[in-house]
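Biologist: Could you walk me through this model before I go back to the bench? I would like to start with the charges and then work through the fold and a few residues.

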Amino acid sequence: MDRNKYYSELYEVVKKNIDKLDCYHLLEVGAPNEEFDIEINDICEQITPGSSTEEIAGIIVAVFKHWFSIEYSKDSLMIMSKEIASVSYSFANRSK
């Protein structure tokens, strides 16, 4: 498996979704495009090829609780987590 390609594809999907979530509406009010990069990297580092949608939702919940003291429910993140999991599953299947 090409670890750099995996991380790059994963980062792109996670960034798109986290930016859309826009915690505290920071991007909406003019925060820089990199506003959530620390949290996005934190999330990406914890997702491994084959991580389940449920695991990914749990990772996102934990990261946002840690960095922002916000408690999202896993259920509210499932659509986002499914999209992210598609990258995870894709790379898990490539390495078989």
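**Charges, fold and selected residues**

Modeller: The mean positions of the 10 positive and 17 negative charges of the chain are 8 Å apart, where Lys and Arg count as positive, Asp and Glu count as negative, and His and the chain ends are not counted. The place of each charge is taken as NZ of Lys, CZ of Arg, CG of Asp or CD of Glu.

Biologist: What should I keep in mind about where these values come from?

Modeller: This is a predicted model, in which local features need pLDDT of at least 70 and side-chain atom pairs count only at pLDDT 80 or more, while totals for chains, interfaces and linings use all residues. Residues are numbered from 1 along each chain as its sequence is written, and side-chain values use heavy atoms, with hydrogens and water left out.

Biologist: OK, how many helices and strands are there in the chain?

Modeller: The chain has 4 helices and 0 strands, and its pattern along the sequence reads α-α-α-α. Helices (H or I, at least four residues) and strands (E, at least two) are DSSP runs, numbered from the N terminus. The radius of gyration of the chain is 13 Å, close to the 12 Å that the globule rule gives for 96 residues, so the chain is as compact as a globular protein of that length. That radius is taken over C-alpha atoms, and the globule rule is 2.2 Å times the number of residues to the power 0.38.

Biologist: What does the C-alpha trace span along its principal axes?

Modeller: The C-alpha trace spans about 45 × 25 × 20 Å along those axes. The accessible surface of the chain is about 5500 Å², and 52% of that belongs to carbon and sulfur atoms; such areas come from the Shrake-Rupley method with a 1.4 Å probe, and for residues only the protein chains shown count as cover.

Biologist: And how many of the residues count as buried?

Modeller: Of the 96 residues, 42% count as buried, where buried means under 20% relative accessible area, exposed means over 50%, and partly exposed is in between (1.4 Å probe, protein chains only).

Biologist: Let's take Leu 10, then: where does it lie, and what does it touch?

Modeller: Leu 10 lies in helix H1, which covers residues 3–21, and it counts as buried because its relative accessibility is 0%. Not counting residues up to four places away in sequence, Leu 10 touches Cys 44, Ile 47, Ile 84 and Val 87, a contact being heavy atoms within 4.5 Å.

Biologist: You mention Cys 44, so how many disulfides does the count come to?

Modeller: The count comes to 0 disulfides, taking a disulfide as a pair of cysteine sulfur atoms within 2.5 Å. Cys 23 is in no disulfide, and the nearest cysteine sulfur, that of Cys 44, is 17 Å away.

Biologist: Why is there no bond for the sulfur of Cys 44?

Modeller: The closest cysteine sulfur to that of Cys 44 is the one in Cys 23, and because they are 17 Å apart, this is too far for a bond. Cys 23 is buried, with a relative accessible area of 1%, and Cys 44 is buried at 1% relative accessibility.

Biologist: Changing topic, what is Ser 88 in contact with?

Modeller: Ser 88 is placed in helix H4, residues 78–94, and is buried, with a relative accessible area of 0%. Leaving aside neighbours within four places in sequence, its contacts are Tyr 6, Ile 47, Thr 48, Pro 49, Gly 50, Ser 51 and Ile 56.

Biologist: Gly 50 is on that list, so is Gly 50 buried, exposed or partly exposed?

Modeller: Gly 50 counts as partly exposed because its relative accessibility is 33%, and it lies in the loop between H2 and H3. Beyond four places in sequence, Gly 50 is in contact with Glu 55, Ser 88, Tyr 89 and Ala 92.

Biologist: What about the backbone, say phi of Asp 22 and Ser 69?

Modeller: Phi of Asp 22 is near 45°, a positive value in a residue other than glycine, and phi of Ser 69 is near 55°, again positive in a residue other than glycine. Asp 22 is in the loop between H1 and helix H2 (37–46) and counts as buried at 9% relative accessibility, whereas Ser 69 is in the loop between helix H3 (53–68) and H4 and counts as exposed at 64%.
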